[in-house]
Amino acid sequence: MADDKKGVKHDFPHAPLTQAEQALESSRDSGFDLSAAAGELVDNSYEAGAQHIRIATIRDDDGSIVELGVADDGSGIPPDLLASVLSLGYSSRYNSRQSLGRFGMGLKLASLSQAQRVEVHTKVAGDDRVFSTHLDLAEVRSGEQTDLNVTDSAAWPEEFVELMKNPATGQPFASGTLVIWRDIDRLQEGGRFGTSVSEKVVALRKFLARAYRRFIDKGLRIELDGQEVTLHDPLFLLDNPRVTQKFPDVPKAQVIDNDEFPIDGKIVKWTVTLLPKEFREKPNLGGRATKGREAFADLNIPDNESRVSMLRNGREIYYDLVPKLYPGGGEKIDRYIGVEIDFPATLDEYFQVRNVKRGAEPVSKLREELRKALEKPIKRARKDIRAYWQEVQQKEQVKTGDEHVSAHDIADGFEQTAPAGRANLDKTEEEVNQALVEIVADMGLDPEDPASAEKANWVRDSFDKRAVTILNGQWPGKDMLDIRHLSGKAIVSVNDRHPFMSELVAPLKAMAKVDAEELDLAEVSTLLNRLSVGVDLLLMAYAKAENMHADPDDAYGELRTHWGLFTAGLIREAVKRYG
């Protein structure tokens with residue numbers, strides 16, 4: 001009999017606090033991906049004092065992961081507590097704000113999010129026995145498993161026994177824990193729209209390298225499928241073997257600013273860094289690994305764009321965009337800026353930390369406080385980046401005479417997939433050389449004169465390596481440009497005396513060299529209006545020129561198509577590189 005609010009007892013059936021089978025099935029969709037799920041197990045290993053954490057996967061013939069083991073040399077779990085570790089809600093550190101976990105849900109929810117069965121095998125120091133417990137959804141469904149119990153044996157499971165050894169010495173761990181996921185059904189290879197298993201493992205490695213960077217820096221060793229995970233610091237302040245080995249002469253990042261402020265007596269710290277100049281020499285390169293720059297592959301610079309790394313008790317729980325945190329919104333150049341916010345778990349509520357430890361979003365007042373703190377250093381970093389780019393570009397212009405460095409870089413990227421030119425393919429090498437000699441002479445350059453030899457040689461080098469080269473020149477008359485087509489390539493000479501160049505383009509380029517803080521907004525507005533009208537007039541002039549032909553569609557139809565096609569391709573390349 002049960003009492004209602006008035007104290008009258010009714011003989012209604014009782015109900016358990018949870019429906020075990022349904023609750024466990026529902027918990028499988030709790031927001032974990034492979035990285036977040038594996039992270040929960042790594043957290044537990046670290047909390048147990050592990051120095052070595054070893055992760056291994058077993059795959060079937062199509063590449064799907066069917067089993068996964070996470071081993072450590074921590075203190076192990078006392079057998080009298082072992083059965084409880086897979087019980088929902090249990091934690092020896094429940095609601096602790098000093099550790100990486102908090103609610104006692106991580107191991108269970110993370111494991112079931114990926115697999116149908118989770119096993120925990122453990123050994124404490126001084127005891128040769130290995131104690132085990134497990135949770136199997138198939139057994140729960142069939143009624144075979146109704147509770148959690150502990151068994152003991154003399155050995156670790158055979159397929160993962162090698163994980164429970166020191167990788168350097170081959171000696172078995174004196175103590176430790178091995179968690180195994182079996183009957184994995186959420187890491188299947190294939191599927192038209194799904195992320196491949198290999199991509200998920202790559203993402204896991206990047207996550208481990210970044211999320212546990214401070215612990216790895218202090219000696220923690222994490223291994224994934226037999227390969228050590230080396231740390232990755234998006235601020236480029238910690239010693240990263242991938243950087244020091246490939247770029248031994250590159251210094252660490254510059255700290256633009258760092259500070260802290262209190263909340264409820266606890267400290268929130270923030271740091272803004274600027275990546276080394278060697279990683280941001282030109283805007284069009286974007287920190288990417290391209291041909292000849294393969295060493296950049298492991299630096300993950302593009303991943304950094306406008307992102308914030310949030311560390312909770314030293315462990316990263318968020319690496320993504322935070323709305324309205326970057327001044328003026330995110331920009332492409334923000335990939336060269338590192339932003340880190342470090343807070344204790346006692347401030348979880350202010351950062352709205354989720355139980356999967358893969359999300360944090362400061363409450364509005366805190367976000368505003370952070371936005372104000374970060375505004376000046378981020379703006380300063382952006383200013384320094386652009387100033388350095390301008391310095392590099394000016395040096396290159398002085399050295400080679402190339403006044404179109406950015407345009408050439410964009411066109412070079414576009415030409416990697418663009419069709420080859422077909423004009424004057426029958427030109428002989430002698431004819432090409434003679435044309436280049438004439439072009440250099442028209443520029444007033446003498447290859448024999450040391451003062452101009454480098455610029456003259458640059459014209460030849462540019463022609464050899466790119467499809468289209470653009471040069472500046474001056475001559476009387478109404479022609480705005482002259483194009484020499486040579487063996488499928490083109491050299492464009494622009495007449496700086498033409499009104500479009502002198503009245504619109506030249507002032508625009510001069511303004512582009514002025515620091516943003518020194519620009520006069522009225523002058524900028526005036527020039528932009530003139531340029532807007534000028535572009536319209538340029539298109540109208542082209543239409544008028546076509547109109548001088550009796551049959552312009554027949555004469556210029558294909559030209560219009562190609563012009564539009566290549567313009568679109570070049571602009572897309574520019575947006576990709578510069579934003």
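Leaving aside neighbours within four places in sequence, which residues is Ile55 in contact with? They are Val42, Leu68, Gly69, Val70, Leu208, Glu223, Leu224 and Asp225. Contact here means heavy atoms within 4.5 Å.

## Basis of the model

This is a predicted model, in which local features need pLDDT of at least 70 and side-chain atom pairs count only at pLDDT 80 or more, while totals for chains, interfaces and linings use all residues. Residues are numbered from 1 along each chain as its sequence is written, and side-chain values use heavy atoms, with hydrogens and water left out.

## The chain as a whole

The chain holds 16 helices and 18 strands. These are DSSP runs numbered from the N terminus: helices (H or I) have at least four residues, strands (E) at least two. The C-alpha trace spans about 105 × 60 × 50 Å along its principal axes. The radius of gyration is 32 Å, whereas a compact globule of 579 residues would have one near 25 Å. That radius is taken over C-alpha atoms, and the globule rule is 2.2 Å times the number of residues to the power 0.38.

Of the 579 residues, 42% are buried. Buried means under 20% relative accessible area, exposed means over 50%, and partly exposed lies in between (1.4 Å probe, protein chains only). The accessible surface comes to about 30,900 Å², and carbon and sulfur atoms hold 52% of it. Such areas come from the Shrake-Rupley method with a 1.4 Å probe; for residues, only the protein chains shown count as cover. Among contacts with a separation of 6 or more, 61% join residues 24 or more positions apart.

The chain carries 76 positive and 97 negative charges, and their mean positions are 4 Å apart. Lys and Arg count as positive, Asp and Glu as negative; His and the chain ends are not counted. Each charge is placed at NZ of Lys, CZ of Arg, CG of Asp or CD of Glu.

## Two nonpolar cores

The largest nonpolar core has 48 residues. Val120, Trp181, Leu208, Tyr212 and Ile222 have the most contacts inside it. Helix H6 (residues 197–211) gives the largest share of this core, seven residues. A second, separate core has 42 residues, including Leu274, Tyr318, Phe343 and Ala360. A nonpolar core is a set of buried Ala, Val, Leu, Ile, Met, Phe, Trp, Tyr and Cys residues joined through side-chain atoms within 4.5 Å. In soluble globular proteins, nonpolar side chains tend to be buried together.

Leu208 touches Val42, Ile55, Ile216, Ile222 and Val229, not counting residues up to four places away in sequence. Its partner Ile55 lies in strand E3 (residues 52–59). Ile55 counts as buried because its relative accessibility is 0%. Ile55 and Gln227 are 172 residues apart in sequence, yet their C-alpha atoms are 9.5 Å apart in space.

## Strand E14 and the loop after it

Arg315 sits in strand E14. At 2% relative accessibility, Arg315 is buried. Its C-alpha is 5.6 Å from that of Ala211, with their positions 104 residues apart in sequence.

The loop between strand E14 (315–320) and strand E15 (337–343) holds Gly330. Lys324 is found in the loop between E14 and E15 too. Is Gly330 buried or exposed? Gly330 is exposed, because its relative accessibility is 52%. Lys324 is exposed as well, at 68%. Outside its neighbours within four places in sequence, Gly330 is in contact with Ser306 and Arg382. From Gly330 to Lys206 the C-alpha distance is 23 Å, across 124 residues of sequence.

## Positive phi angles

Most residues other than glycine have a negative phi. Lys324 has a positive phi, near 65°. Ser306 also has a positive phi, about 60°, although it is not a glycine. Ser306 is placed in the loop between strand E12 (266–274) and strand E13 (308–312). Ser306 counts as buried, because its relative accessibility is 7%.
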